[in-house]
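Q: I have just opened this model and do not know my way around yet. Please walk me through it slowly, starting with the words you will lean on.

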Amino acid sequence: MSTLTVRCPHCSKLNRIPAERVDENPSCGICKSSLLTGKPIEGTDDNMESLLASGKSVVVDFWAPWCGPCQGFAPVFEATAKGKQEDAIFVKVNTEEQQALAAKYRIRSIPTIMVFKDGKMAQQINGALPQNEFNGWLSEAI
């Protein structure tokens, strides 16, 4: 049984979730808030493979704290995550902290947004988009 470790977007505590229970809307063991709805999950080297194997589409934002366009795109990504939480799992990967993941997915510019289906990368865009353009692209991608 594979598990994924997810940081609660509400209280920041780490939670382990069996991969086969991702679709059951798991909640945080500490604050009881939903772990996979409303806010993007922190993507790490420890949980990325399990997230991609969850059976749901996964939308990943590769970003860095020093990147101005990344900071400007963050509210767009979070708003979209809240609105499309039933369609996909939304993940943010800090490329400064997760350099191995950035290398694995060959991130050359940020922000880079990738959509994964069945564990494989299906679509990719580089650069920040306005809300309506991102939603349109994402609707076609997932």
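A: A residue is called buried when its relative accessible area is under 20%, exposed when it is over 50%, and partly exposed in between, using a 1.4 Å probe and protein chains only. Please also keep in mind that this is a predicted model, in which local features need pLDDT of at least 70, side-chain atom pairs count only at pLDDT 80 or more, and totals for chains, interfaces and linings use all residues. Residues are numbered from 1 along each chain as its sequence is written, and side-chain values use heavy atoms, with hydrogens and water left out.

Q: OK, so is M114 buried or exposed, and why?

A: M114 counts as buried because its relative accessibility is 2%. M114 lies in strand β6, where strands (E, at least two residues) and helices (H or I, at least four) are DSSP runs numbered from the N terminus.

Q: What does M114 touch?

A: Contact here means heavy atoms within 4.5 Å. Leaving out residues up to four places away in sequence, M114 touches V58, V59, V60, F62, Y105, I107, M121, Q123 and Q124. M114 and A81, by comparison, are 33 residues apart along the chain, and their C-alpha atoms are separated by 14 Å.

Q: And F116, where does that one sit?

A: F116 is placed in strand β6, and F116 is buried because its relative accessible area is 2%. With residues up to four places away in sequence not counted, F116 touches L52, K56, S57, V58, V60, Y105, M121 and A122. V58, V60, Y105 and M121 therefore appear in the contact lists of both M114 and F116, with burial following from the 2% relative accessible area of F116. The C-alpha atoms of F116 and F62, which are 54 residues apart along the chain, are separated by 13 Å.

Q: Switching to helices: how far apart are the ends of α2, and what should its residues span?

A: Helix α2 covers residues 68-83, and its end C-alpha atoms are 24 Å apart. The expected span is 1.5 Å times one less than the number of residues, so the 16 residues of α2 should span 22 Å, which agrees.

Q: Where does α2 bend?

A: The bend at a residue is the angle between axes fitted to the seven residues ending there and the seven starting there. By that reckoning α2 bends by about 30° at A74, and a proline, P75, follows within four residues.

Q: Which residues of α2 are buried, and what do they pack against?

A: The buried residues of α2 are C70, F73, A74, V76, F77, T80 and A81. These buried residues pack against β4 (57-63), β5, β6 (112-117) and α4 (131-141).

Q: Since you mention β5, what about K92, buried or exposed?

A: K92 lies in strand β5, which runs over residues 88-94, and K92 is buried because its relative accessible area is 13%. Setting aside neighbours within four places in sequence, K92 is in contact with P40, I41, E42, G43, D61, W63, A74 and F77. Two of those partners, A74 and F77, are among the buried residues of α2.

Q: Now the loops: which residue has a positive phi of about 70°?

A: That is K32, which has this positive phi although it is not a glycine. K32 lies in the loop between β2 (14-18) and β3 (41-42), and K32 is exposed because its relative accessible area is 57%.

Q: What else lies in the loop between β2 and β3?

A: One of the residues there is L35, and L35 counts as buried because its relative accessibility is 1%. Not counting residues up to four places away in sequence, L35 touches V6, C8, P9, N15, I17, P26, S27, C28 and I41.

Q: And what is in the loop between α3 and β6?

A: R106 lies there, with a positive phi of about 55° although R106 is not a glycine, and R106 counts as exposed because its relative accessibility is 65%. P111 is also found in the loop between α3 (99-104) and β6, and the peptide bond from I110 to P111 is cis, with omega near 0°.

Q: Last one: E140, buried or exposed?

A: E140, which lies in helix α4, is exposed because its relative accessible area is 73%. E140 and D118 are 22 residues apart in sequence and 16 Å apart in space, C-alpha to C-alpha.
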